[in-house]
Amino acid sequence: MVYKGTILKYSQFLSVDNQTPIISISEGRTPLVPAPHIAKATNVGGISVYLKMEGMNPTGSFKDRGMTMAVSKAIEKGANKIICASTGNTSASAAAYAARARAMGFEMECYVIIPAGYVALGKLSQAMIYGAKVIQIEGNFDDALNIVKSLTEKYPIELVNSLNPYRIQGQKTAAYEICDELQCAPDYLCIPVGNAGNITAYWAGFKDYVKNPSARPKLFGFQAAGAAPIVEGKIIEKPETVGTAIRIGNPASWKQAEQARDESQGLIDSVTDEEMLEAYRMIHQMEGLHCEPASAASVAGLLKAAKAGKIQHESTVVCVLTGNGLKDPQTAMNQSDLEAAQKSYQANEEEIAEILNLKAKV
Ligand SMILES: Cc1ncc(COP(=O)(O)O)c(C=O)c1O
C-alpha cells in the first residue's frame with residue numbers, strides 16, 4: 001500500500017478522527033542510518049550509534065511531522081490563516097502545508113515572521129516559493145515569537161509554532177518510528193534543543209510507546225553554548241551560534257524539556273560552535289551523511305557525553321539529525337576549502353591532469 005504520512009500511520013496515538021481533513025505530504029518514515037565511524041570516535045566499547053535522518057522529510061526537517069497535525073487541525077476548526085515565528089524550518093514547513101491545503105481546495109494563508117539576516121537561504125527560499133507571506137524583523141526568534149503569540153490572541157489566526165499542542169503530538173511519531181525500527185527503544189537519544197518542542201515531543205512519544213518506564217531512553221538534549229538558557233538557568237537576551245536553527249534565548253517549552261530530562265534521567269548540556277562544526281564535518285566526511293549545522297549538536301553532544309563517561313558500554317544511541325544540509329550551503333562551503341572551490345581554470349585537459357596530479361596509464 002502507498003505510504004500516506006504519519007497521521008494515517010499512527011492515528012491511534014493522535015487526536016484525529018474521520019472528521020479531520022488530513023493535510024499530508026507523506027512526511028515521516030525517515031531512515032535510521034548506522035554510524036559506525038562516529039560510534040568508534042566515542043571510544044565507548046560495544047556502542048551502536050544510529051542517525052535519524054529527519055532532514056529527509058518532505059521540506060527537509062522534522063517540523064513536517066508536527067505541521068501535518070497543526071494544519072489539519074486548524075482546518076478542522078475552520079481556520080483560514082496560520083502564522084509562525086521561525087528560525088527557518090518551521091516557516092518552510094508551515095508554508096508547504098498551507099500550499100497543500102490550498103491545492104486540496106481549502107482557503108489557507110500562511111504568514112511567517114523571521115529574524116532578518118539569520119535564516120539560512122535554503123529555508124527562506126522555501127517559504128517564499130510555497131507562497132507564504134514572509135516578514136523579516138529587526139530582532140531575534142524570541143522577539144518574533146512574542147509578536148506571533150500576541151497577534152494570535154488578538155486576531156483570528158492559528159498559531160503553528162510548537163506552543164500549538166498538535167505540533168508536539170505530531171512530532172511524537174519520530175519516537176514511534178525509532179522504536180518500530182529498532183524493535184525496542186534506544187538507551188540514549190541525543191537531540192539538539194532550541195525552542196525545546198522536539199525534546200518534549202520525543203519524550204511524550206517514548207512514554208506512549210514504551211510501557212515499561214525502565215525500558216525508555218535517557219534523553220540527552222544539547223543547546224549551543226551561545227544560546228543555552230536551560231543549561232545556564234536564565235534567559236539569554238542575545239543568543240548567538242552558527243547553528244541558527246537553535247539560536248533561541250527563551251525556549252517556549254523550557255519546563256517541559258526539564259521534565260523530559262528529569263523523568264528520563266537524562267541531561268541538557270551545551271556544545272560550543274567549534275564542537276558543533278567538528279561534528280558537522282564528521283557526519284559528512286566520516287559517514288557520508290548530510291545535515292545542517294544545528295543538527296550536528298546531537299552528535300557533538302554525544303561525543304562530549306562519551307568523553308565525560310556518561311554513556312554506558314554496549315549501549316544503543318540514536319542521534320537526531322533534525323534538518324537537511326542543503327538548506328545551509330554557505331556553512332558547508334565555509335567549512336570546506338572555499339578558496340579552491342572559487343578558483344576556475346582553462347578548459348584544458350593537460351592542465352587539469354597536472355592539477356589533479358594524474359600519472360598517465362602505462
Ligand atoms: C534543524 C533544527 N534543529 C533543531 C531545532 C530545535 O528544535 P526545537 O525548537 O523543537 O527544540 C530546530 C528548530 O527550529 C531546527 O530547525
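This passage describes the domains, the ligand surroundings and three helix pairs of a predicted model.

We may start with the overall layout. The domain assignment splits the chain into domain 1 (6-60 + 167-334) and domain 2 (63-164). Taken over C-alpha atoms, the centres of domain 1 and domain 2 are separated by 22 Å. Where the two domains touch, 40 residues come from domain 1 and 36 residues from domain 2. On the side of domain 1 that touches domain 2, at least two residues each are supplied by helix 1 (6-9), helix 7 (165-171) and helix 8 (173-182). Helix 7 gives the largest share of that side, with five residues. Sorted by class, the side of domain 1 that touches domain 2 holds 16 nonpolar, 19 polar and five charged residues.

The ligand comes next. Around the ligand there are 19 residues, and the closest of these are Gly-194, Asn-195, Ala-245, Thr-322 and Gly-323. Two elements, helix 4 (89-103) and helix 9 (197-209), each give two or more residues to this shell. The shell is made up of six nonpolar residues, 12 polar residues and one charged residue. Where does the ligand lie with respect to domain 1 and domain 2? Both domain 1 and domain 2 give residues to the shell, so the ligand lies between them.

Helix 4, already met in the ligand shell, also packs against a neighbour, helix 3 (residues 63-77). The axes of helix 3 and helix 4 are 9 Å apart, and the packing angle is about 45°. An angle that is neither under 35 degrees, nor over 145, nor from 65 to 115 counts as oblique, and helix 3 and helix 4 are therefore oblique to each other. The crossing of helix 3 past helix 4 is right-handed. On the helix 3 side, the residues that meet helix 4 are Lys-63, Asp-64, Met-67, Thr-68, Val-71 and Ile-75. Their partners in helix 4 are Asn-89, Thr-90, Ser-93, Ala-94, Tyr-97, Ala-98 and Ala-101. Seven nonpolar, four polar and two charged residues make up the contact of helix 3 with helix 4.

Helix 9, the other element named for the ligand shell, has a packing partner in helix 11 (residues 254-263). The axes of helix 9 and helix 11 come within 8 Å and cross at roughly 45°, and the two helices are therefore oblique to each other. This crossing of helix 9 and helix 11 is left-handed. Ile-199, Thr-200 and Trp-203 of helix 9 make the contact with Gln-256, Ala-257, Ala-260 and Glu-263 of helix 11. By class, the contact of helix 9 with helix 11 contains four nonpolar, two polar and one charged residues.

A third pair remains to be described. Helix 12 (residues 273-285) and helix 13 (residues 297-307) have axes that come within 8 Å and cross at roughly 105°. How are helix 12 and helix 13 oriented to each other, oblique or roughly perpendicular? Angles from 65 to 115 degrees count as roughly perpendicular, and helix 12 and helix 13 are therefore roughly perpendicular to each other. From helix 12, the contact takes Glu-275, Met-276, Glu-278, Ala-279, Met-282 and Ile-283. From helix 13 come Ala-297, Val-299, Ala-300, Leu-303 and Lys-304. The contact of helix 12 with helix 13 divides into eight nonpolar, no polar and three charged residues.

How values were computed: Residues numbered from 1 in each chain as written. Predicted model: local features only at pLDDT ≥ 70, side-chain atom pairs only at ≥ 80, totals over all residues. Near = placed C-beta within 6 Å. Helix = DSSP H or I, 4+ residues; strand = E, 2+ residues; numbered from the N terminus. Nonpolar A, V, L, I, M, F, W, Y, C, P; charged D, E, K, R; others polar. Domains from an automatic or database assignment. Axes fitted to C-alpha atoms, helices over the stretch in contact; angles between N-to-C directions. Left-handed = near helix turned anticlockwise from the far one by under 90°. Contact = placed C-beta atoms within 7 Å.
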